[in-house]
Every structure is written in structure tokens, then in C-alpha cells.
Amino acid sequence: KLAKIAAGNSSHVLLQGESGTGKEVLAQGIHNSSSRRRGPFVAINCGAIPRGLIGRELFGYEGGSFTGAKQGGRPGKFELASGGTLFLDEIGDMPLEQQVALLRVLQDQCITRIGGDKTIRTDVRIICASNKNLRLEAAKGNFREDLFFRLNVILIPLPPLRQRREDIPLLFNSFFEKTCRKLALPIPPIDPGLFEY
């Protein structure tokens with residue numbers, strides 16, 4: 001129900017839950033049901049990118065701005081997601097200095113590539129996810145409180161699968177059918193006893 005509400009407007013969304021609860025799947029579903037569905041859905045895992053590279057990934061860079069930079073530069077995820085949705089996975093792992101830059105982009109709705117001086121307007125909806133409680137992280141000083149309030153417009157807590165066992169048959173059937181189609185195999189009937197747990 002919360003995801004349907006989120007899909008019906010353009011407010012930022014914070015998905016909170018343990019790893020493996022399907023946060024990116026839900027983010028994609030919100031995007032696909034929103035007015036931005038014809039725009040791109042761009043995902044980035046803030047915890048998987050080295051600290052020094054996250055700014056380049058988010059904001060892009062101009063050619064020659066650092067050793068090894070491509071000659072023509074490169075757009076960042078904000079530019080690539082313009083007109084659509086930017087999914088920031090594991091936002092709680094983003095370094096504090098990049099949180100400041102992200103806050104500025106959310107306030108001004110424009111970016112400047114690293115090494116550049118041209119302001120580029122962006123039209124991006126943010127859906128972010130964390131396996132941490134960002135409110136507690138902000139209270140501890142590990143996450144910027146002003147950024148938390150900016151992102152926490154619609155909070156959707158995702159319980160782990162062990163707390164929503166009724167979803168297991170739905171997920172199994174979906175993955176099973178997808179795998180059969182991928183392998184060009186007929187979809188056999190499933191023994192109902194499989195789901196007795």
C-alpha cells in the first residue's frame with residue numbers, strides 16, 4: 001500500500017530493511033508504476049564503491065580532471081537518471097563528505113561534474129535503501145540529519161522473508177516461471193506439498 005502511494009507521487013522514498021528483503025525489486029516496482037516509468041531507472045550501490053570514486057559515479061567528471069580521466073569526460077548517475085529514478089542502495093554507507101554534495105543536489109536540483117564549472121539541471125526522483133536505521137545513525141553522527149529528513153519523505157520498512165512467509169510461494173512461482181522461460185522449458189505443475197513449512 002505504501003509503495004502504491006509512493007508510485008503515485010514524486011516524493012523521495014526511503015526503503016529500510018535487512019539485506020535480501022527485496023529493496024531494489026520494490027524500488028524498480030515503484031518506478032515502473034510511477035509517472036516516470038518511461039524514464040531511466042539507474043541504480044548505484046553506495047557501499048560497494050570506493051570512497052574516493054563515489055563522487056565521480058554520482059556527478060560525473062570532465063576530461064582531464066584527474067589522472068586517467070576519459071578525454072571527453074563522463075556523465076554521472078544523476079545525468080543518466082534525468083527524467084527517471086535514481087536508486088541509491090545502501091545509502092547509509094555513503095561517506096559524510098559525499099552526503100553534503102548529495103544534499104546540495106537535492107536542494108538545488110542541479111549538479112556540476114568533477115573538474116567542471118558548468119551547472120547541469122537534473123530532474124531525478126530519489127529512492128534510497130538502507131539495511132541500517134538511518135534515524136539512529138543520524139543520532140550517532142554517522143549520517144547527516146538534514147539529509148535523512150530530506151530523503152525520509154515516504155518511509156517503507158521491509159520485513160525480512162522470515163516474517164512474511166506467505167510471500168514464499170509467490171516469490172518461488174515467479175522465479176521458477178522466469179527460469180523456465182529463460183531455459184525455454186515448459187512450466188511444470190508444482191506439488192503444493194513443496195510449500196508446507
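Lys and Arg are counted as positive and Asp and Glu as negative, with His and the chain ends left out. On this basis, the mean positions of the 27 positive and 20 negative charges of the protein lie 4 Å apart. The model is predicted.

The protein contains 8 helices and 7 strands. Its C-alpha atoms fill a box of roughly 60 × 45 × 30 Å along the principal axes. Of the 197 residues, 39% are buried. Among contacts between residues at least 6 apart in sequence, 70% join residues at least 24 apart. The exposed area of the protein is about 11,200 Å², of which carbon and sulfur atoms supply 52%.

The structure holds 12 salt bridges. One of them joins the side chains of R104 and D108, with an N to O distance of 3.0 Å. Both residues belong to helix α5 (residues 96-108), where they are 4 residues apart, about one turn of the helix. R104 is exposed, at a relative accessible area of 51%, and D108 is partly exposed, at 35%.

A salt bridge is also formed by the side chains of K140 and E137, at 3.6 Å from N to O. These two residues are 3 residues apart in helix α6 (residues 134-140) and are therefore separated by about one helical turn. K140 has a relative accessibility of 59% and counts as exposed, whereas E137, at 13%, counts as buried; the cut-off for burial is under 20% relative accessible area.

The side chains of R164 and D167 meet in a further salt bridge, at 3.1 Å from N to O. R164 is buried, with 15% relative accessibility, while D167 is partly exposed, with a relative accessible area of 21%. In addition, a network of salt bridges links E57, R74 and K77.

A nonpolar patch on the surface is formed by L161, L171 and F175, which together have about 260 Å² of accessible area. Within this patch, L161 lies in the loop between β7 (154-157) and α8 (168-182). Its relative accessible area is 34%, so L161 is classed as partly exposed.

Another loop residue, I114, is located between β4 (110-112) and β5 (119-121). I114 likewise counts as partly exposed, at 32% relative accessibility. I114 and F78 are 36 residues apart along the chain, and their C-alpha atoms are separated by 13 Å.

Key: Residues numbered from 1 in each chain as written. Predicted model: local features only at pLDDT ≥ 70, side-chain atom pairs only at ≥ 80, totals over all residues. Heavy atoms only, no water. Buried < 20%, exposed > 50% of the residue type's maximum accessible area, 1.4 Å probe, protein only. Contact = heavy atoms within 4.5 Å. Areas by Shrake-Rupley, 256 points an atom, 1.4 Å probe, with all protein chains shown as cover. Charge placed at Lys NZ, Arg CZ, Asp CG, Glu CD. Patch = residues over 30% accessible without salt bridge, like charges linked within 9 Å, V, L, I, M, F, W, Y side chains within 5 Å. Salt bridge = Lys/Arg side-chain N within 4 Å of Asp/Glu carboxyl O.
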